[in-house]
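This briefing looks at how two ligands are held in a protein model. Please keep the structure in view while reading the points that follow the display.

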Amino acid sequence: MSTRVGALVPAAGRGERLGGGTPKALRPLGGRPMLLHAVETLLSSTLVSQVVVAAPPTLVEVVGQILGPRVRVVPGGAERVDSVRAALEALDDDIGVVLVHDAARPLTPAKLVDAVATTVLDGHPAVIPVLPVTDTVKEVDADGRVVRTPPRDVLRAVQTPQGFRRDILYMAYANRDLPVTDDAGLVEALGVPVTTIPGAEEAFKVTRPADLVLAEALLAQFAPGDGQR
Ligand SMILES: Nc1ccn([C@@H]2O[C@H](COP(=O)(O)OP(=O)(O)OP(=O)(O)O)[C@@H](O)[C@H]2O)c(=O)n1
Ligand SMILES: C[C@](O)(CO)[C@H](O)COP(=O)(O)O
């Protein structure tokens with residue numbers, strides 16, 4: 001396996017739950033597009049040597065100008081899986097390890113990127129960062145009635161970047177019509193073991209308006225060079 005690491009950034013979502021009109025990846029955070037924060041973190045990793053971004057199709061040129069020549073930008077698709085697939089096809093042939101990282105997780109620390117990549121390089125074919133679940137989670141039926149309460153101690157909330165051996169991710173994406181909400185879900189369907197490592201609280205996803213308020217507040221607290229990102 002080649003040890004060269006590439007990162008794919010799905011950034012073509014509309015951001016309907018966040019609202020505000022502008023595609024979410026281009027919404028400002030600390031005065032700069034959210035996507036730029038995520039990409040800069042990936043580029044700051046000494047392990048990551050290529051970054052490919054899937055942008056909203058009408059904004060490929062604009063996003064290319066924002067991110068500069070080190071980043072390849074391709075048109076994304078209708079669903080997240082379509083965007084990841086488009087980016088996967090644009091990776092250099094000699095990339096052996098692939099990280100998939102949401103543009104919508106702009107405050108993810110660089111040390112988490114390195115930890116995921118290192119764990120794949122150490123021989124784990126699929127690696128995801130996770131945090132314990134703090135709310136009680138209920139399964140409900142179509143009428144909203146509770147069906148059951150899974151025990152919380154075995155539940156985990158899943159973040160990105162998720163890291164994969166390239167050949168495994170390719171095989172997984174051959175099954176991409178499966179109804180999954182993350183890349184590891186496709187890998188699980190292959191029967192390939194998925195390893196968890198500790199995630200980071202700052203790697204939360206900006207999904208709803210309150211998440212953006214929290215991200216702005218946290219960013220304002222980071223001092224330059226304090227190693228938090
Ligand atoms: N067709 C899509 C849908 C999502 N994404 C990306 O996948 C990541 C996680 O998706 P999410 O946070 O759900 O973003 P949106 O799809 O934009 O959000 P919403 O469902 O609220 O519209 C984001 O970086 C988003 O840009 C993508 O590249 N292409
Ligand atoms: C990939 C992901 O960020 C892991 O938590 C998440 O599943 C994306 O889901 P979304 O509904 O597209 O936000």
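How far from an oxygen atom of ligand 2 does a polar side-chain atom of Arg17 lie? In this predicted model, the separation between that side-chain atom of Arg17 and the ligand 2 oxygen is 3.2 Å. Arg17 also appears among the closest of the 18 residues that surround ligand 1.

**Ligand 2**
- The residues around ligand 2 are Arg17, Arg80, Asp102, Arg105, Val158, Thr160, Thr181, Asp182 and Lys205, and by class this shell comprises six charged, two polar and one nonpolar residue.
- Backbone atoms also take part, with an N or O atom of Val158 lying 2.7 Å from an oxygen atom of ligand 2, and with a polar backbone atom of Thr181 at 2.6 Å from an oxygen atom of ligand 2.
- Ligand 2 exposes 360 Å² when taken alone, and the protein buries 74% of that area.

**Ligand 1**
- The closest of the 18 residues surrounding ligand 1 are Pro10, Gly15, Glu16, Arg17 and Ser83, while its shell as a whole divides into eight charged, six nonpolar and four polar residues.
- A polar backbone atom of Ala12 is 2.8 Å from an oxygen atom of ligand 1, whereas for backbone N or O atoms of Ala11 the distance to a ligand 1 oxygen is 3.1 Å and for those of Ala104 it is 3.3 Å.
- On its own, ligand 1 has 560 Å² of accessible area, of which the protein covers 87%.

**Pocket**
- Ligand 1 sits in the largest pocket, and ligand 2 likewise sits in the largest pocket.

Key:
Residues are numbered from 1 along each chain as its sequence is written. Chains are lettered from A and ligands numbered from 1 in the order in which they are written. This is a predicted model: local features need pLDDT of at least 70, side-chain atom pairs count only at pLDDT 80 or more; totals for chains, interfaces and linings use all residues. Side-chain values use heavy atoms; hydrogens and water are left out. A residue is near a molecule or strand if one of its heavy atoms lies within 4 Å of it. A polar contact is a pair of N or O atoms within 3.5 Å; within protein, one must be able to donate a hydrogen and the other to accept it, and residues adjacent in sequence count only if both atoms are side-chain atoms. Accessible areas come from the Shrake-Rupley method with a 1.4 Å probe; for residues, only the protein chains shown count as cover. On a 1 Å grid over the protein atoms alone, a cavity is a set of points where a 1.4 Å probe fits but cannot get out, and a pocket is an open set with protein on both sides within 12 Å along at least five of seven lines; lining residues have an atom within 4 Å of a point. A molecule sits in a cavity or pocket if more than half of its atoms lie within 2 Å of its grid points. Ala, Val, Leu, Ile, Met, Phe, Trp, Tyr, Cys and Pro count as nonpolar, Asp, Glu, Lys and Arg as charged, and the others, Gly among them, as polar.
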